[in-house]
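The following exercises treat a single protein chain and its ligand. Each task is followed by a solution that proceeds step by step.

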Amino acid sequence: MASIKVEPFSHEFVCEDGETLLEGALRNGLLLKYGCKHGGCGTCKVRLVDGDVAEQGPTFALSAEDQANDLILPCSSIPLEPCVIDVETSGLTEDEFFSGDTSRGYDAVLGRFEVVAGDIARVRLDLGDDEIAFTAGQFVNVEVPGTGLLRTFSLANCPADSSVVELICKQYTDGLFARFLRDADLGTPIRLFGPYGSLKVHLSHRPIIMIAGGSGLAPLLSMLRDLAAKGSDRSVTLYFGARSEGHLYALDDITDIGCRLPDFEFVPVLSESWSPNWTGETGMVIDAILRRHTTLAHDVYLCGPPPMIDGATPLLLERGVRQRNIYYDAFTPATQTVPS
Ligand SMILES: Cc1cc2nc3c(=O)[nH]c(=O)nc-3n(C[C@H](O)[C@H](O)[C@H](O)COP(=O)(O)OP(=O)(O)OC[C@H]3O[C@@H](n4cnc5c(N)ncnc54)[C@H](O)[C@@H]3O)c2cc1C
Ligand code: FES
């Protein structure tokens with residue numbers, strides 16, 4: 001057993017032998033933010049102020065910089081002695097901490113599956129009479145029917161549309177969920193869990209840059225729809241990286257958002273091929289951003305493949321963005337996770 005003190009709430013709980021910090025907190029009716037529970041998403045990152053932990057299982061989500069700053073993943077950390085952790089990095093509020101885990105399971109049915117561009121499919125899961133309360137930017141874990149395995153996808157709908165879960169899913173040829181979707185009939189039952197994750201639009205006076213790579217548009221679309229629904233007057237520029245014009249999608253949704261947000265710009269960036277008529281940006285998204293802004297004092301939200309996020313972050317910092325104003329979800333591959 002090890003006692004764990006959680007700052008800044010000055011609250012202590014006890015972890016049983018062999019329990020991770022996350023398991024201990026949840027068993028004690030407390031919440032630490034989490035998503036994948038297997039070291040892949042980074043949602044649960046907290047700072048280890050005192051004590052020592054053993055890492056158990058994968059820790060993909062922990063960069064060398066995180067480790068240098070004493071960040072750990074409670075979902076993969078077993079305390080070896082009494083510890084003090086600081087949860088401020090995870091954005092957890094005192095109310096959320098003491099309210100415990102409010103995520104739960106939902107029984108949905110497949111309401112839409114449509115390949116809309118290249119290897120991107122738009123999916124709608126209908127919740128019937130049930131409703132999901134979530135913050136724009138969060139994600140769900142979907143149980144692939146017949147396998148007991150979970151796959152993580154960001155919600156793309158506006159939180160006000162709470163009776164559906166809209167997803168944007170990259171279709172990997174050998175993907176477990178991708179294969180299920182290709183063969184499934186509309187109306188097939190699907191169980192999902194959530195909502196999880198701490199990505200959200202942060203209040204500030206700074207203009208916003210959003211950077212989407214491929215299916216990384218999903219949480220940003222939800223955030224944009226939410227900003228539009230709430231009548232926000234924030235300045236937002238959406239950079240959308242795709243291989244070619246044929247890989248761009250959701251253009252009607254983006255046009256609609258542009259009509260509803262007073263200060264919105266959409267910048268598609270094509271990396272591989274484009275027609276002679278294309279007058280827009282080409283190359284890597286980050287290069288387009290650097291061409292268009294000599295200095296940056298923005299809040300920046302990035303979603304998509306980890307190399308896109310890892311490549312863009314140092315260049316954004318060099319151009320003046322503060323580390324604390326960069327928010328992201330890296331779309332890491334799943335490991336074989338069974339629901340608990
Ligand atoms: C917080 C979070 C949010 C996410 N949101 C989305 C989302 O909105 N839309 C979306 O499309 N994906 C999203 N992902 C990524 C998605 O969960 C994984 O890509 C998942 O593995 C896809 O499941 P699958 O069953 O189709 O393929 P799998 O059966 O898991 O994988 C099939 C093959 O493709 C490879 N592969 C799978 N995913 C990736 C990847 N991301 N990068 C490189 N290779 C990969 C695997 O290694 C394997 O060889 C998110 C991930 C995280 C952590
Ligand atoms: S919940 Fe810990 S890394 Fe995903």
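Strands are DSSP runs of at least two residues, numbered from the N terminus, and two strands pair if DSSP finds at least two bridges between them. The model examined here is predicted.

**Exercise 1. The first hairpin**

Determine how E1 and E2 are connected, and which backbone features occur in the connection.

Step 1. Strand E1 covers residues 2–7 and strand E2 covers residues 11–15; the two pair in the antiparallel sense over five bridges. Isoleucine 4, for instance, has phenylalanine 13 in E2 as its bridge partner.

Step 2. Three residues lie between E1 and E2, and the two strands form a hairpin. Within the turn, serine 10 has a positive phi of about 50°.

Step 3. The loop between E1 and E2 also contains proline 8. Glutamate 7 and proline 8 are joined by a cis peptide bond with omega of about 10°.

Step 4. For comparison, the general rule should be recalled: most residues other than glycine have a negative phi, and most peptide bonds are trans.

**Exercise 2. Further backbone exceptions**

Locate lysine 37 and proline 195 in the chain, and describe the backbone at each position.

Step 1. Lysine 37 belongs to the loop between helix H1 (21–27) and E3. Although lysine 37 is not a glycine, its phi is positive, at about 65°.

Step 2. Proline 195 is part of strand E13 (residues 189–196). The peptide bond leading from glycine 194 to proline 195 is cis, with omega near -5°.

**Exercise 3. Two open sheets**

Which strands stand at the edges of the five-stranded sheet, and which at the edges of the six-stranded one?

Step 1. It helps to recall that strands of a sheet pair through backbone hydrogen bonds, either parallel or antiparallel.

Step 2. The five-stranded sheet is open, has the order E2-E1-E7-E3-E5, and shows mixed pairing. Its edges are E2 and strand E5 (71–72); each has a single partner strand, so one side of each is left without a neighbour in the sheet.

Step 3. The partner of E5 is strand E3 (residues 46–50), and this antiparallel pair is held over two bridges. In one of them, arginine 47 is matched with leucine 71 of E5.

Step 4. The six-stranded sheet is also open; its order is E11-E10-E13-E8-E9-E12, and its pairing is antiparallel. E11 and E12 stand at the edges with a single partner strand each, so one side of each lacks a neighbour in the sheet. On average, neighbouring strands of this sheet are turned by 40° against each other, direction ignored.

Step 5. Inside the six-stranded order, E8 (residues 104–117) pairs with E9 (residues 120–126) in the antiparallel sense over seven bridges. Valine 115 has alanine 121 in E9 as its bridge partner.

**Exercise 4. The domains and the ligand**

Describe the surroundings of ligand 1, from the domains that contribute down to single atoms.

Step 1. The chain is divided into domain 1 (2–99), domain 2 (104–196) and domain 3 (208–330). The centres of domain 1 and domain 3, taken over C-alpha atoms, are separated by 31 Å. Domain 2 and domain 3 each give at least three residues to the shell around ligand 1.

Step 2. At least two shell residues come from each of strand E11 (149–154), strand E12 (164–170) and helix H4 (176–183). E11 gives the most, with four residues.

Step 3. There are 22 residues around ligand 1, and those that come nearest are Arg151, Thr152, Ile168, Lys170 and Phe177. By type, the shell consists of 14 nonpolar, five polar and three charged residues.

Step 4. Polar contacts are pairs of N or O atoms within 3.5 Å. A polar backbone atom of phenylalanine 177 is 2.7 Å from an oxygen atom of ligand 1. A nitrogen atom of the ligand lies 2.8 Å from a backbone N or O atom of phenylalanine 331. For alanine 334, a backbone N or O atom lies 3.0 Å from an oxygen atom of ligand 1.

Step 5. On its own, ligand 1 has 910 Å² of accessible area, and the protein covers 81% of this area.

Key: Residues numbered from 1 in each chain as written. Chains lettered and ligands numbered in written order. Predicted model: local features only at pLDDT ≥ 70, side-chain atom pairs only at ≥ 80, totals over all residues. Heavy atoms only, no water. Near = heavy atom within 4 Å. Polar contact = N/O pair within 3.5 Å; in protein donor to acceptor, adjacent residues only side chain to side chain. Areas by Shrake-Rupley, 256 points an atom, 1.4 Å probe, with all protein chains shown as cover. Nonpolar A, V, L, I, M, F, W, Y, C, P; charged D, E, K, R; others polar. Domains from an automatic or database assignment. Axes fitted to C-alpha atoms, helices over the stretch in contact; angles between N-to-C directions.
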